[in-house]
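Reader: I've got this model open on my screen and I'd like a close look at one part of it. Could you walk me through the spot where the ligand sits, and then show me how the rest hangs around it?

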Amino acid sequence: MTTEEAARIRLAERANHELADAPARQILQWAREQFDTRWCVASSMADAVLPQLASQVLPGVDVLFLDTGYHFAETIGTRDAVAATLPVTVRSIRPRRSVGEQDAEFGPQLHQRDPDRCCARRKVAPLTEALAGYEAWASGLRRVDAEQRATVPVVEWDARRKLIKLNPIATWSDQQVAEFIAEYGVLVNPLLEAGYTSIGCAPCTRPTVAGEHARAGRWAGSSKTECGLHT
Ligand code: SF4
């Protein structure tokens with residue numbers, strides 16, 4: 001580990017401690033003060049809460065959207081609406097291979113046979129490549145999303161990419177999200193109204209029913225629960 005890396009890790013630990021109970025906007029403001037414009041946010045376009053918050057702190061902020069080639073039309077529409085209406089710079093990040101090229105290499109519907117490999121090629125690697133050149137990135141992870149996310153810190157060290165990672169709405173409840181959406185008229189993916197409580201690629205996402213966990217519709221029927229972006 002380099003001295004600079006060690007210093008960044010300490011910076012993340014200190015910030016996480018100091019900002020543990022801070023409002024989301026203050027956590028992003030910290031990124032602005034530390035890194036000026038050299039940070040970005042990632043969005044799945046389930047809603048535009050994080051892009052909206054980040055644009056209040058840094059107008060023109062880069063918003064990374066992983067355009068896997070498998071998204072619902074509603075998600076692409078939400079991305080386009082965000083780009084058209086918010087003061088942000090949406091960057092659609094595409095994998096090196098198109099869906100057709102992936103099918104030719106691995107056979108069709110890799111997502112059914114080996115979703116980890118599909119996510120690695122269409123999400124994880126493209127995001128890691130896209131993050132080169134930034135010093136920090138922010139995600140919309142929340143502790144209430146899933147058991148595995150119950151201890152998500154507000155600021156952490158992303159060891160894989162050697163960047164600081166912010167999770168500014170980690171502590172938000174569903175109610176807080178709803179209130180923020182109502183207060184600012186935030187764009188939301190219309191699929192949320194159709195029973196999709198978590199939205200990913202179309203072949204790997206189904207609506208949920210009452211009593212199910214919000215992410216129960218992701219990779220339903222398999223043991224997979226995360227795409228690998230946050231591990
Ligand atoms: Fe492939 Fe499904 Fe992962 Fe999307 S969510 S990258 S379709 S395995």
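Author: Here's a tour that starts at the ligand, follows one residue outward, and then moves on to the cores and two loops. Keep in mind that this is a predicted model.

Let's start with the ligand itself, which sits in the largest cavity. Go round it and you'll meet Tyr70, His111, Pro115, Cys118, Cys119, Arg122, Lys123, Cys201, Cys204 and Trp219. Sorted by class, that shell has 7 nonpolar residues, 1 polar and 2 charged. If you want one element to highlight, pick helix H7, residues 115-130: with 5 residues, H7 supplies the largest share of the shell.

Now zoom in on Cys119, one of the residues around the ligand. Cys119 is part of helix H7. Is Cys119 buried or exposed? Its relative accessible area is 8%, and buried means under 20%, so Cys119 counts as buried. Setting aside residues up to four places away in sequence, Cys119 touches Val124, Trp219, Lys224 and Cys227. Of these, Trp219 should ring a bell, as it also belongs to the ligand's surroundings. For a sense of distance, try Arg206: from Cys119 to Arg206 it's 87 residues along the sequence, and 17 Å in space from C-alpha to C-alpha.

Next, the nonpolar cores. Nonpolar side chains tend to be buried together in soluble globular proteins. Here the largest nonpolar core holds 44 residues, and the members that touch the most others are Trp30, Trp39, Val49, Val155 and Ile164. Helix H2 gives the most to this core, namely 6 residues. Apart from it there's another core, of 17 residues, including Cys40, Ala130, Trp137 and Leu163. Click on Trp30 and, leaving out neighbours within four places in sequence, you'll find contacts with Leu11, Ala15, Leu19, Phe35, Val155, Ile164 and Leu166. Val155 and Ile164 are also among the members of the largest core with the most partners.

Finally, two loop residues for your backbone check. Asp36 is in the loop from helix H2 (24-35) to strand E1 (39-42). Its phi is near 50°, a positive value in a residue that isn't glycine. Asp36 is partly exposed, at 37% relative accessible area. Lys162 occupies the loop between strand E5 (155-158) and strand E6 (163-166). Phi of Lys162 is positive too, near 55°, again in a residue other than glycine. Lys162 is partly exposed, with a relative accessible area of 47%.

Note on methods: Residues numbered from 1 in each chain as written. Predicted model: local features only at pLDDT ≥ 70, side-chain atom pairs only at ≥ 80, totals over all residues. Heavy atoms only, no water. Near = heavy atom within 4 Å. 1 Å grid on protein atoms, 1.4 Å probe; cavity = no way out; pocket = protein on both sides within 12 Å on 5 of 7 lines; lining within 4 Å. Sits in = over half its atoms within 2 Å of the grid points. Helix = DSSP H or I, 4+ residues; strand = E, 2+ residues; numbered from the N terminus. Nonpolar A, V, L, I, M, F, W, Y, C, P; charged D, E, K, R; others polar. Buried < 20%, exposed > 50% of the residue type's maximum accessible area, 1.4 Å probe, protein only. Core = buried A, V, L, I, M, F, W, Y, C linked by side-chain atoms within 4.5 Å. Contact = heavy atoms within 4.5 Å.
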